[in-house]
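Visitor: Could you take a close look at one part of this model with me? I'm new to this, so please explain the words as you go.

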Amino acid sequence: GIVFDATSAKAHEVNAARLLPLGKRLIDLTPAAIGPYVVPAVNLDEHLDAPDVNMVTCGGQATIPIVAAVSRVAPVEYAEIVASIASKSAGPGTRANIDEFTETTSAAIEQIGGARRGKAIIILNPADPPLIMRDTVLCLVAAPDPAVHDEIRRSVEKMVADVAAYVPGYRLKQQVQITEVPADQPVETLLAAGAARPTHQVSVFLEVEGAAHYLPAYAGNLDIMTSAGLRVAERIAARKAGLR
């Protein structure tokens with residue numbers, strides 16, 4: 001009764017049109033974004049009744065929890081994420097969906113992460129041997145109080161633990177960095193209309209290593225998508241069985 005679609009954004013549109021009338025529940029692992037965005041560590045239980053849920057993108061699954069962790073402590077005026085994945089782990093679907101990746105991830109950074117404005121960048125790294133997935137999250141916040149900075153760090157660390165509960169290879173590469181934004185630094189072009197001028201930048205550096213059960217360990221970008229999709233499917237199945 002649950003179908004995982006890991007084809008491509010265009011193919012998912014066709015698949016959804018054929019499968020939804022048959023009463024199938026779809027978990028969309030493409031950036032088609034027909035249904036609502038779901039990032040398990042942030043909004044797992046919000047869309048369990050939706051016929052088609054969208055798992056955003058690998059970069060989104062890795063970074064949106066961090067944006068959400070910051071935004072629950074201090075308003076995020078702007079969030080930018082950079083997802084760097086091994087070229088060998090990017091199949092034809094990923095390569096065909098670069099535009100959809102950036103658009104879907106940017107929108108989900110705002111809608112799920114809570115940033116007033118979001119931006120996403122993906123890098124296909126051709127290094128050989130292939131490198132493990134790396135993600136950078138930059139958030140501009142209006143948080144001049146040092147006590148709030150400690151809260152942000154604790155919030156991010158807790159969120160990393162929450163994601164690692166279903167993606168064991170998900171981890172911080174170094175401590176969360178919070179630096180002052182100079183008064184003369186031109187950041188206005190990054191901000192949404194009416195945004196407060198940020199006082200600090202929060203920088204978070206992540207690594208996502210795959211479990212290497214079937215896919216290679218460097219393919220953390222694929223592992224985090226399947227792990228997130230499985231997390232949602234298990235919760236849907238448990239709810240249907242009356243267990244939750």
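Guide: Sure! Two strands count as paired if DSSP finds at least two bridges between them. Strands themselves are DSSP runs of E with at least two residues, while helices are runs of H or I with at least four, and both are numbered from the N terminus. Keep in mind that this is a predicted model, where local features need pLDDT of at least 70 and side-chain atom pairs count only at pLDDT 80 or more, though totals for chains, interfaces and linings use all residues. Residues are numbered from 1 along each chain as its sequence is written, and side-chain values use heavy atoms, leaving out hydrogens and water.

Let's start on the sheet. Find D28: its bridge partner in strand 3 is N54. Strand 2 (residues 25–28) and strand 3 run parallel, and three bridges join them. Zoom out a little and you'll see an open sheet of three strands, ordered 1-2-3 with parallel pairing. Strand 1 (2–5) and strand 3 (52–54) are the edge strands, each pairing on one side only. From one strand to the next, the twist averages 20 degrees.

Now for what packs on that sheet. Helix 1 (residues 9–19) touches strand 1, strand 2 and strand 3, and its direction makes about 170 degrees with that of strand 2. Helix 7 also lies across strand 1, strand 2 and strand 3, running at about 170 degrees to strand 1. For these angles, axes are lines fitted to C-alpha atoms (for helices, over the stretch in contact), and the angle between N-to-C directions runs from 0 to 180 degrees. "Touching" means contact, that is, heavy atoms within 4.5 Å.

Follow helix 7 (residues 220–240) and you meet helix 3 (residues 58–71): they pack at an angle of about 75 degrees, with axes 8 Å apart. So helix 3 is roughly perpendicular to helix 7. (The labels go like this: under 35 degrees is roughly parallel, over 145 roughly antiparallel, 65 to 115 roughly perpendicular, and the rest oblique.) From helix 3, C58, Q61 and A62 meet N221, I224, M225 and A228 of helix 7. Sort the residues of that contact and you get five nonpolar, two polar and no charged. Here nonpolar covers Ala, Val, Leu, Ile, Met, Phe, Trp, Tyr, Cys and Pro, charged covers Asp, Glu, Lys and Arg, and the others, Gly among them, are polar.

Helix 3 has another partner in helix 5 (residues 98–111), where the axes come within 10 Å and cross at roughly 20 degrees. That makes helix 3 roughly parallel to helix 5. Their crossing is right-handed. On the helix 3 side, C58, G59, G60, I64 and V67 make the contact, facing F101, T105, A108 and I109 of helix 5. That contact has six nonpolar, three polar and no charged residues. About handedness: if the near helix is turned clockwise from the far one by less than a right angle, the crossing is right-handed, and if anticlockwise, left-handed.

Last comes helix 6 (residues 146–164). Its axis and that of helix 3 come within 8 Å and cross at roughly 145 degrees. This crossing, too, is right-handed. Here P65, I66, A68, A69 and V70 of helix 3 pack against I152, S155, V156, M159, V160 and V163 of helix 6. By class, that contact has ten nonpolar residues, one polar and no charged.
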